[in-house]
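Trainee: I'm new to this one, could you walk me through it?
Mentor: Gladly; let's have it in front of us before we begin.

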Amino acid sequence: MSSYKRNKPPGGFKTYVDFVEFEERPIDVPEEIVEVKAEPELLPGEIVIAEANNVLKFAPLKTNKTGISGTLFITNFKVSFVTSLPVDTKEAELHERSLQNHFLNVHDVCLSEVDSVNQFSEGSTKKKRLFYNAPLPPRLSGLQLVLKNLRIINFSFKFTPAGEDLRVTQALLHHAFPPTIDHLFLSCGHPPPSPGIPDFCVAQDWERELHRTRCPNWRVSKHNEFFNLCSSLPAVVVVPRDLLDAQLDEAAQHFQGTRPPVWCWGSLAGAALVRMAQISPSITDKMSVTKSMGTLKRRKLEEVCQQQENRMMGLVHRCHPKKLQPTILDLDQMLPSLKDIQISYMKLRELHTPDDPVQFWEQDRHYYSRWESSRWLSHVSKCLEVAKSAATAILLHNSSVILQESEGRDLGAVISSLVQLLLDPHVRTIRGFHCLVQKEWVALGHPFSTRLGHTRNQIEEQSPLWLLFLDCVYQVSLQHHASLEFTSEYLVALWHAAFCSLHSSFMFNSISAKYTATAVLQRENPHQPIYLRPVWSWWAESQSLLVSEQNGTSENCLGKKHSREAFLNVHYIQSLLESLSATGALRRIRDPLSSAYHTWHRIKFLFESSGTLPFDSSCPVASLQLDTPLRIDVSLSSLKPWKDCFCAWLTEPATLTLNESESLLKRSPPNSQHWKHLYQIYNTLKGHLSDSLTNGTLK
């Protein structure tokens with residue numbers, strides 16, 4: 001069989017993307033069609049809506065002369081391509097290290113992951129976008145799926161029986177772009193395992209966070225129990241101790257989205273991190289609306305709005321034990337707009353989703369200049385700069401910081417999360433990072449559905465702030481390669497997981513919206529319990545939920561152990577082991593109040609647990625310590641394109657400077673020998689501790 005002869009770049013040009021992965025193979029199509037009924041693996045409650053036989057699937061950046069044959073199914077949950085042919089190595093590897101491998105097979109794509117559907121013709125570079133409410137042509141030669149995780153998949157209907165192409169296309173367009181979230185496949189009928197992560201929807205969770213940080217003069221209010229105060233905040237919020245619930249209710253009406261100042265995090269010295277919305281509506285907008293009013297009425301309205309804002313800021317001021325003035329950061333003025341961030345992302349998406357090798361070579365020639373022109377790293381740098389400024393105010397000046405923006409649900413989540421990552425060692429563990437995301441993004445109401453485009457409405461309001469935040473965390477991990485317990489591969493997995501409808505953590509605009517959707521689904525399925533699965537439950541899943549139609553059983557997820565090792569930072573674990581070599585550290589292991597005690601139990605759990613890794617509810621979380629802040633360089637020259645994420649379906653650029661090569665060596669993926677070495681150290685230390693405790697000679 002002859003291999004496709006690729007287009008070559010101009011002489012003397014060195015590609016920025018390694019071309020090893022581009023070796024192609026001809027289409028695998030049997031000479032004689034054998035009638036073997038292909039069936040997709042389905043989740044409980046999942047049904048097949050349409051199917052097309054003898055479909056060809058083309059791998060990324062392959063021409064229409066290469067591919068594999070199979071049957072294409074559209075269900076109410078996914079696009080499923082079923083084939084008996086071998087799986088592409090890269091596809092298998094990326095699938096193994098995803099958080100969707102319990103719900104999807106290698107050739108499956110969740111419907112909520114589809115960004116657009118294009119019609120294409122063999123031998124032509126022209127595409128035509130297809131819409132859910134537009135008529136289809138009488139015959140389709142092929143479909144191109146553009147996915148939200150920066151991946152392109154091409155399907156050809158060259159050998160497909162007439163009519164089947166239209167049926168799968170109509171089903172895809174109808175189910176991939178729902179009008180509301182409750183039209184998505186959100187529950188498979190199986191209760192999720194307990195992730196061990198607080199959801200910050202009950203008073204106890206916030207009280208524990210107040211106790212952990214030991215921040216004084218704040219209290220938990222249940223005044224939003226029925227979302228009567230604010231639909232985008234959780235049922236309980238932390239507010240100044242001297243603020244009565246009646247006053248809270250009155251004040252909220254003067255802020256956008258009725259979101260008054262709420263506590264997120266703080267320190268024993270009294271510095272608090274607070275998120276709040278702008279005055280609602282802004283004074284200038286209010287005055288334009290009330291031009292018909294007299295001058296005195298307009299002034300009175302302006303005074304009332306300003307008084308409420310000043311009053312709430314004054315309460316934050318009085319919460320500080322030393323009554324220090326808070327630092328107020330207006331994020332609307334300091335950071336790029338949501339539209340600017342979306343424009344940058346669209347430029348990067350275009351750069352990383354070429355249609356064919358010709359376009360790839362053209363874009364690859366100007367890869368870094370196009371990265372720079374997108375201004376994405378400029379936005380990352382600015383977010384890190386503001387977070388660094390806020391962290392400095394808290395750490396060095398013991399000043400409370402108020403993050404203020406429109407409704408306080410977007411860039412406030414980015415900056416607040418980064419501040420805690422820089423200051424709080426607990427947040428740098430997987431458990432702590434999960435708690436952070438659950439608190440700052442899920443509970444406090446980041447509009448995931450709107451910003452990530454989970455429905456076909458409000459397209460103009462999309463903006464990938466979740467990706468922007470993860471990229472910021474990635475930049476921190478580059479500068480502190482041993483300080484985070486999780487790897488950049490895990491951050492990539494979280495970005496991809498945001499588009500799987502069974503990961504409920506990233507599907508809704510608020511906790512209230514989640515409850516509403518659950519109620520709708522329960523009314524429509526009165527005899528079937530509805531279980532929404534938080535993304536964190538992935539760590540406790542031990543088996544695939546996919547059910548084979550042939551044997552009616554679920555199979556073990558063999559790649560789980562490898563995925564966990566890919567997600568755990570061996571440099572961080574090694575630093576934990578090395579910390580116990582300090583003088584007297586082993587002797588302090590028996591003291592529950594010592595850091596050595598918590599370190600050893602953390603190490604034991606990481607090495608020995610095979611269940612709900614990495615969450616151990618029996619091990620208490622250590623109190624906040626601000627003695628290990630992370631200092632970062634926010635200059636553009638110190639930031640690197642996050643190629644693990646943006647180039648996930650391409651390959652790692654090969655042209656590296658010496659500094660980049662050294663950086664990659666430091667954060668290179670751990671191999672089995674590295675893990676084997678760590679296990680040897682752990683077992684040696686464990687044996688020494690066991691003997692010492694038995695003999696009573698622990699030193």
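**Salt bridges, sheets and cysteines**

Mentor: Let me start with one pair of side chains, those of Glu385 and Lys382, which meet in a salt bridge with 3.6 Å from N to O. Please keep in mind throughout that this is a predicted model.

Trainee: Where do Glu385 and Lys382 lie?
Mentor: Both belong to helix 11, which covers residues 376–397, and they sit three residues apart, about one turn of the helix.

Trainee: And are they buried or exposed?
Mentor: Neither word fits, because buried means under 20% relative accessible area and exposed means over 50%. Glu385 has a relative accessible area of 39%, and is therefore partly exposed, while Lys382 is partly exposed too, with 29%.

Trainee: Why would side chains like that pair up at all?
Mentor: In general, side chains of opposite charge can pair when their charged atoms come close.

Trainee: How many salt bridges does the structure hold?
Mentor: There are 19 salt bridges in the structure. One of them links Glu91 with Lys57, where the closest N and O atoms are 2.8 Å apart. Glu91 is in helix 1 (residues 89–96) whereas Lys57 is in strand 1, so this pair ties together parts that are 34 residues apart in sequence.

Trainee: Is that pair buried or exposed?
Mentor: Both Glu91 and Lys57 are buried.

Trainee: Any others I should look at?
Mentor: Look at Lys439 and Glu440, which form a salt bridge whose closest N and O atoms are 3.9 Å apart, and which are both buried. Salt bridges with shared partners join these two residues with Glu209, Arg212, Arg275 and Asp424 into one network.

Trainee: Okay, changing topic to the sheets. In what order do the eight strands of the open sheet come?
Mentor: The order is 4-3-2-1-8-7-5-6, with antiparallel pairing. Strand 4 (108–110) and strand 6 (127–130) stand at the edges with a single partner strand each, so one side of each has no neighbour in the sheet. From one strand to the next, the twist averages 35 degrees.

Trainee: What joins strand 1 to strand 8?
Mentor: Strand 1 (residues 48–58) and strand 8 (residues 151–156) run antiparallel and are joined by three bridges. If you look for Phe58, you will find it opposite Asn154 of strand 8.

Trainee: Which helix packs on that sheet?
Mentor: That is helix 2, residues 164–176, which touches strands 1, 2, 3, 5, 6 and 7, and whose direction makes about 110 degrees with that of strand 1.

Trainee: And the sheet of four strands, what's its order and pairing?
Mentor: That open sheet runs 11-12-14-13, and its pairing is mixed. Strand 11 and strand 13 (327–330) are the edge strands, each pairing on one side only. Leaving direction aside, neighbouring strands of this sheet are turned by 20 degrees against each other on average.

Trainee: Which pairs make it mixed?
Mentor: Take strand 12 (residues 272–277) as the reference: with strand 11 it pairs in the antiparallel sense over four bridges, and with strand 14 (residues 401–405) it pairs in the parallel sense over five bridges. On the strand 11 side, Trp263 stands opposite Val274, and on the strand 14 side, Arg275 stands opposite Leu403. That same Arg275 belongs to the salt-bridge network that includes Lys439 and Glu440.

Trainee: What about the hairpin of strand 11 and strand 12, which residue takes a positive phi there?
Mentor: Gly270 does, with a phi near 110 degrees, in a hairpin that has five residues between the strands.

Trainee: How covered is strand 11?
Mentor: Strand 11 (residues 262–266) is mostly covered, with five of its five residues buried. Helix 12 (residues 411–423) lies across strand 11, strand 12 and strand 14, and runs at about 175 degrees to strand 12.

Trainee: Last topic, how many disulfides are there?
Mentor: The structure holds zero disulfides. Cys188, for instance, is in none, as the nearest cysteine sulfur, that of Cys500, is 9.9 Å away. Cys188 is also buried, with a relative accessible area of 0%.

Trainee: And why is Cys215 not bonded to Cys319?
Mentor: The sulfur of Cys319 is the closest cysteine sulfur to that of Cys215, but the two are 8.0 Å apart, which is too far for a bond, since a disulfide needs sulfur atoms within 2.5 Å. Cys215 is buried as well, with a relative accessible area of 6%.

Technical notes
Residues are numbered from 1 along each chain as its sequence is written. This is a predicted model: local features need pLDDT of at least 70, side-chain atom pairs count only at pLDDT 80 or more; totals for chains, interfaces and linings use all residues. Side-chain values use heavy atoms; hydrogens and water are left out. Two strands pair if DSSP finds at least two bridges between them. Helices (H or I, at least four residues) and strands (E, at least two) are DSSP runs, numbered from the N terminus. Axes are lines fitted to C-alpha atoms, for helices over the stretch in contact, and angles run from 0 to 180 degrees between N-to-C directions. Contact means heavy atoms within 4.5 Å. Buried means under 20% relative accessible area, exposed over 50%, partly exposed in between (1.4 Å probe, protein chains only). A salt bridge is a side-chain nitrogen of Lys or Arg within 4 Å of a carboxyl oxygen of Asp or Glu.
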